[in-house]
Amino acid sequence: MGRSMDFSKWWGVKESSSSSSRKGNPVVVTMENPNYSLLEIDAPDSAFQPLDKGRGKNAKQFTWLLFLKVHRVVGCFAWLGNSLCSLLHAVKKRLFLGHVETEMSAKTKFLFRVILAFLVMALAFLSFELVAHFKGWRYFHNRNLQLPQTLEIKGWFHTAYVRWLEFRADYIAPPIQYLSSFCILLFLIQSVDRMLLSLGCFWIKFKKIKPVIDGDPLNSHDLEGSNEGYPMVLVQIPMCNEKEVYEQSISAVSQLDWPKDRLLIQVLDDSDDEGIQWLIKGEVSKWSQRGVNIIYRHRMFRTGYKAGNLKSAMNCDYVKDYEFVAIFDADFQPNPDFLKQTVPHFKGNPQLALVQARWAFVNKDENLLTRLQNINLCFHFEVEQQVNGVFLNFFGFNGTAGVWRIKALEESGGWLERTTVEDMDIAVRAHLNGWKFIFLNDVKVLCELPESYEAYRKQQHRWHSGPMQLFRLCLPAIITSKISFWKKSNLIFLFFLLRKLILPFYSFTLFCIILPLTMFVPEAELPIWVICYIPVFMSFLNILPAPKSFPFIVPYLLFENTMSVTKFNAMVSGLFQLGSSYEWIVTKKAGRSSEADLLAAEERDSKAMSLQLHRGTSDSGLAELNKLKEIQETVPVKKMNKIYKKELALAFLLLTAAVRSLLSAQGMHFYYLLFQGVSFLLVGLDLIGEQMN
């Protein structure tokens, strides 16, 4: 018989020194199998009495507790593995099935290879630092290099590491420190400029300064008469393959509240798709039959992009009968009273060349990308253009939602095809000729923001490469012009250099290059106020014109640094006139409706007049138009995603720098670089849901 086993301690039973303390009768259990022992329980009452919950557990409960913890751990690993597999599958799908640019200039390839080489070098240095960290070789207690005191240096790796520390402190850290100091200086200058603009905007709000119209320049009491008080206005709608937005744009412009005999609408179509041409022709024909003075123009040769299109339209003989021209891009939808709010400012102000209205966005809350764009553009209109318009009577023409005096266009040389920013070009030339501009912050024209990163990236590339082209071309004219020295300084140093060149340069260099390098080169240290305090303060200033966007201040700060890659590349290509600086790609639009009731009424009117339209028009192309509509509705559009290699490379660079900063116990650097790297990673892998044709 085996030895007896006493489990009284497992149950927390306290043994008494006297046998009289035991209660109950002894119980003897006889096992049928003689190989097992007998278990004698002396005091069953005390053994099975209610126990304190925190005192003890039996063996079975303890086993099940272990199994439960193991199950949770295994489930956690399974979830991590499943998430990693899903991420790798998505990356593989985007790599092999995504739409990747095949045409790339030699300069772009060179820049991309430099970034990749820099990334490989950063990963190698990180591996080097990881080994040194786990080996315990910490020689940087202070900013000065502290070499080991012992003469016994064990191993070639240890020797190489010490040599690397010496080389880093003597040759790598000083250039980085000098460059960072220069970028910090530019950063402070640009921050002061932003603060002055914000103070100017506050002063305008406090004093309630805004352009006003004196009297009744249109003589509205003669509305039923000859309408002689209304000047002749030409409205131009340049477009190119704008299938998604042409209908709502033509509809909105055709309903402008202006005498029909004093208004002419030009639909300037540069579309190379015959189907889209028929669609636009049908829309123009519909409004023409309703009594709107509207014509359709199409160029056989699309030269000069938008500038060439506008220049060709202004060469028509009948343009000489008109005094003003209003320009609307294809996605802009002005209110019916737009001309009555803008044109009267010209009367009694012969030096006024341009009246610019503000943009309002129908899809600003569509996704995170549109919310971040809204922050930037609200600051641009509310602060930059309004302040410059009030104090300088000059700002860059936005290319749309503005009314020009045709005489000012002609005296300034008209539309030129030399840059991709023809709007800024004509504005600078008009300013050099002494013309003045007015910005109306209260007059808003609805339009659409790019909803995909691809469309936004191409738009920003054009907006930042074009000004550098224009700066090279206009610099001699600015220097030799007859305007005052202050206006020349404003054009050269503020309008072009500070806001178009310095801003993308220091943003990319300081936050995407130098900051990660300081993690690998601790001797070149950036102060905390450069990394955190000033950027957050400037982000607050930028977001003030759009107060509802305050919850997005952190994504805004990170995304602006992410976009610095595109802006810096565009600035360099425009400054040195590389091939991509002359690239013009029409911004992709989704065709978001601005006013649901207006479009619904328009749809009802279209259905009511469809029969009359087909009977009253002899153009046989309308039958083909209906067939094209049916084909376009039935054929699905294949969408493909795209990977952005530059953003992806910088994402891994910043993430490796974040790991390095974590090992160096630099907490603020770690969190900033971690979030910045994740934002680059999201853009690079295109995980923000962007899809393109």
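**View 1. F167 is partly exposed, at 42% relative accessibility.** The model shown here is predicted. F167 and Y171 form a tilted aromatic pair. Their ring centres lie 5.3 Å apart, with 35 degrees between the planes. Both residues belong to helix α4, residues 156-207. They are four residues apart, so about one helical turn separates them. Y171 counts as exposed, at 56% relative accessibility.

**View 2. F397 and W404 meet edge-to-face.** The centre-to-centre distance is 5.5 Å, and the planes stand at 90 degrees. F397 is buried, with a relative accessible area of 3%. W404 is buried too, at 0% relative accessibility. The two residues belong to one aromatic cluster, which also includes F332, W359, F437 and F496. The structure holds 25 aromatic pairs.

**View 3. F437 sits in the largest nonpolar core.** This core has 87 residues. F437 ranks among those with the most contacts inside it, as do V235, I250, F338, L339, W404 and V428. Beyond its neighbours within four places in sequence, F437 is in contact with residues including L352, G389, N393, F394, W404 and H431. Apart from this core lies another, of 31 residues, among them F187, A524, I531 and V565.

**View 4. Two charged residues lie over tryptophan faces.** K281 lies over the face of W278, at 4.8 Å from the ring centre. R290 lies over the face of W287, at 4.6 Å from the ring centre.

**View 5. The whole chain has 19 helices and nine strands.** Of its 693 residues, 47% count as buried. The chain exposes about 37,000 Å², and carbon and sulfur atoms supply 60% of that area.

Conventions: Residues numbered from 1 in each chain as written. Predicted model: local features only at pLDDT ≥ 70, side-chain atom pairs only at ≥ 80, totals over all residues. Heavy atoms only, no water. Core = buried A, V, L, I, M, F, W, Y, C linked by side-chain atoms within 4.5 Å. Buried < 20%, exposed > 50% of the residue type's maximum accessible area, 1.4 Å probe, protein only. Contact = heavy atoms within 4.5 Å. Helix = DSSP H or I, 4+ residues; strand = E, 2+ residues; numbered from the N terminus. Areas by Shrake-Rupley, 256 points an atom, 1.4 Å probe, with all protein chains shown as cover. Phe/Tyr/Trp six-rings, centres within 6.5 Å; stacked < 30°, edge-to-face > 60°. Lys NZ or Arg CZ within 6 Å of the ring centre and 35° of its normal.
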